[in-house]
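Me: I'd like to learn how to read this model, from a single residue up to the way its chains fit together. Could you walk me through it?

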2 protein chains.
Amino acid sequence: MASQATRSAHLHEGGAGRHDIDPAFVARVIGCVGDRDAPGLRALLLPLHPADSAEVLHQVAPDIRAAVVHLIGADLDADVYAELSVETREEVLKLLPARVVGRLLAELDSDDAAAVAADVDEEQLDEVLANVPDEDRAVLEQSLSFEEETAGRLMQREFVAAPEHWSVGDAIDHMRKVGDDLPDRFFEIYIVDPAWRPLGAVALAPFLKAGRQVPLLDLMEPAQVLIRSDMDQEEVAYLFSKYHLHSAPVVDEGGRIKGMITLDDIVTVVEEERGEDLLALAGVGTDGDNAGDSVVGNLRARTPWLAVNLFTALLASTAISMFEATIEEIVALAVLMPIVASLGGNTGTQTLAVAVRALAQRDLTAVNAARVILREVTTGSLNGLIFGLLLALVAGLWFQSAGISLAVGLAVVINLTAAGLAGILVPLTLKRFGADPAVASSVFVTFVTDLIGFSAFLGLATVILLQ
Amino acid sequence: MASQATRSAHLHEGGAGRHDIDPAFVARVIGCVGDRDAPGLRALLLPLHPADSAEVLHQVAPDIRAAVVHLIGADLDADVYAELSVETREEVLKLLPARVVGRLLAELDSDDAAAVAADVDEEQLDEVLANVPDEDRAVLEQSLSFEEETAGRLMQREFVAAPEHWSVGDAIDHMRKVGDDLPDRFFEIYIVDPAWRPLGAVALAPFLKAGRQVPLLDLMEPAQVLIRSDMDQEEVAYLFSKYHLHSAPVVDEGGRIKGMITLDDIVTVVEEERGEDLLALAGVGTDGDNAGDSVVGNLRARTPWLAVNLFTALLASTAISMFEATIEEIVALAVLMPIVASLGGNTGTQTLAVAVRALAQRDLTAVNAARVILREVTTGSLNGLIFGLLLALVAGLWFQSAGISLAVGLAVVINLTAAGLAGILVPLTLKRFGADPAVASSVFVTFVTDLIGFSAFLGLATVILLQ
């Protein structure tokens, strides 16, 4: 293995200390592909940290990526494949022979192997698994038997456990003896009963401070949280984050330890889930992780919610059609009506973002929901007063009509109050019914604020100006 | 200290295995406050994990929280204060005497102490610091001298370092000797030269597998990344996530080790930054972390961007006012025009969310920007074709006019193409000028799609129907 010191040589530090990838380096990779220069590609990519090689593969166009994999895919560190995004991984694994993929899987830690294997084409999977050595395959098939996005999929099978009667010295002797069978990284020794049920854990720091004769039980912290293998990964991430865990044992239904999850895997989960919130809120589907990676993926992720949006926009516009006669008489209303809707839409989206974040961080619960709802509605009303007054002023000066001024001012107050209410109730309702509170909730909230904005303004104008 | 096994006794596991806080438990806390029952509160809250006590304090109303702190604030574990959100912490620290706050700070790890001290009221800070023992105060003042949201603020001063000539046995003997002066948790031993510059690190796992006589240099991985104390915390989080680090040394300008950052602090940063993206995109300011915690905080965070929104909405509506004569003639245009704008707004927001996520994850860079822009514009155009056709059909049937149908169809194609372009160019431009690409970019994108939606539709209708 090359020295790690040279591994990040292609990274340049920008003014703000950013470690971004160097476009010149990527250009050299593309140059080697043009020359079909496999040794050149190896010289460039193999010394890199796997995360950096993966980043280069992400950055280049799909045809360049395919060429790199064709030329030197079998020589890349197996970890490079573990670092790729799901869609990129699916794409490149198809280009490799089953024999190579099988070997790569055997080289990976069990949690990474499961993640990579999950992206192997269904039709190719049996052949790939046939190329994995028996022992690794049994572990891998067991990992794959857990549902995606559960603790079982995240956990690695390698962990360190000790019986409750051992001393520090016993544990050190044991670890020196088994050596290479230990996980590459671990932060705790799990103390288990004879049925392999975890009783607690000894962190390595106190372990190292203690003398050989100290019983492990004296250093043990009782198990804080027990993670069942079927627990949703978002829940696992919440527990890690809340209790500042660096690793935790995973148990089966019988409470027997089956593996461990480490915090670095959790960081990936947290980043994924947060990105999903952002996309879901904007009405971008995230199933299959294909949002943004290709035009077809884009369309599949976005077109459905635009269809919903077309439907709700048509519904909202029927409110306008009911007041066609009024608009024909006072065309200024057509000019002002989108402003009322826009202020409402933005107020609703603001509330929504705060609510979705609070739900994700468990800051919004049954205990404080009533208080939060009241606060959001109050905020909406107060902003309604501020901007209602402002817009009434502008509209009065612009169209020289006290009636229009009054109608638009009142409509803004009504709509921004409704926006505050909808912005908090829509995600709470989605959550109550077990749906993701972020999914396309902005489409629904905007529907409410459009509908109320148009009806309130045109209705008030009709009453004030025409009756 | 109570057994940790009983510490989460108040957590109930819901159907989906969720560890949510039990409303009945919160009710008992509130009951004790009503009775001014300090011993009762102590019995409820002190056995909890600090993260759980903090969660209870977050959930209750501000007056209940104040009463709890008045009654038993000095008895709470110092870590409870480290777990509170910034605004809640500011609020409760004001209620405690400087003497108590000083003692709490001395009990915390140096990174947590700096975080808590940063939220002490400016006027009270000197008095609080005077109550911190000399040695802790020096460390704390040094931590506070780093800017907020930098590596210097995140790092803890406690770490384990060894000279390059030591063996495993030397290190074990040293750790057993210094004992309590070691950090509570550490995952690596940093190998330093005589000037305390880190050469690399020995992870605890290989350290434990090796025999006493093995030189540390044989186990050392050269330093992968060096984190400067002035590095932005978002950059630090990126490096931890990318290279799967569990801890890393922090160095000063001279490259000398000053402290270490551990991954659990990074999880907090990642969660903060992601939440900020969500809020920023929706036009909610996040300075001072006061978004959502009180009506005044709400207004301060949201009113400025609504003002920008009012301004841009007024600008967009001047486009409508230019076509007043057309609308007076064909009032159906007023009904359809918000639909064109709404489809554009949603398309723009979808693109924006994808772009903001890609920028945050460094998936969108100088290397692939041209490709991503092309992909987003193509996606916008294709969705424009799909929904232009659909809306043309609906409008044709609804208003029985081929001209209206043609105008609305073409306008949707134009607007959704523009939406794709604006959705990617607005955040890229903000980023280019050093601004947060998420900040209120949806306000700007919606302005573009409103303006183009209104002008294109009304302009086309005027040309097709009235000329």
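Reply: Happily! Let's begin with contacts beyond the local sequence, remembering that this is a predicted model. Setting aside neighbours within four places in sequence, Glu188(A) is in contact with Ala201(A), Val202(A), Ala203(A), Leu204(A) and Ser247(A).

Me: Where is Glu188(A) found in chain A?

Reply: Glu188(A) belongs to strand E4, which covers residues 188-192 of chain A. There is also a spatial relation to Phe159(A): the two are 29 residues apart along the chain, and their C-alpha atoms are separated by 8.7 Å.

Me: Is Glu188(A) buried or exposed?

Reply: Here you count C-beta atoms around the residue, and 20 or more others within 10 Å means buried. Glu188(A) has 25 other C-beta atoms within 10 Å, so Glu188(A) is buried.

Me: How do I read the relation between chains A and B?

Reply: The general idea is that two copies of a chain are related by a rotation about an axis and a shift along it. In this case, a turn of 180° and a shift of 0.0 Å along the axis lay chain A on chain B with an RMSD of 0.0 Å. The two copies are therefore related as by a two-fold rotation axis.

Me: How many residues are in contact between chain A and chain B?

Reply: The contact involves 118 residues of chain A and 118 residues of chain B. On the side of chain A that touches chain B, helix H20 (residues 332-360) gives the most, with 18 residues. That side divides into 62 nonpolar, 32 polar and 24 charged residues.

Me: Why do the copies meet through the same surface?

Reply: Because 100% of the interface residues of chain A are also interface residues in chain B.

How values were computed. Residues numbered from 1 in each chain as written. Chains lettered and ligands numbered in written order. Predicted model: local features only at pLDDT ≥ 70, side-chain atom pairs only at ≥ 80, totals over all residues. Least-squares fit on C-alpha atoms with pLDDT ≥ 70 in both. Contact = placed C-beta atoms within 7 Å. Helix = DSSP H or I, 4+ residues; strand = E, 2+ residues; numbered from the N terminus. Nonpolar A, V, L, I, M, F, W, Y, C, P; charged D, E, K, R; others polar. Buried ≥ 20, exposed ≤ 12 C-beta atoms within 10 Å, placed from the backbone.
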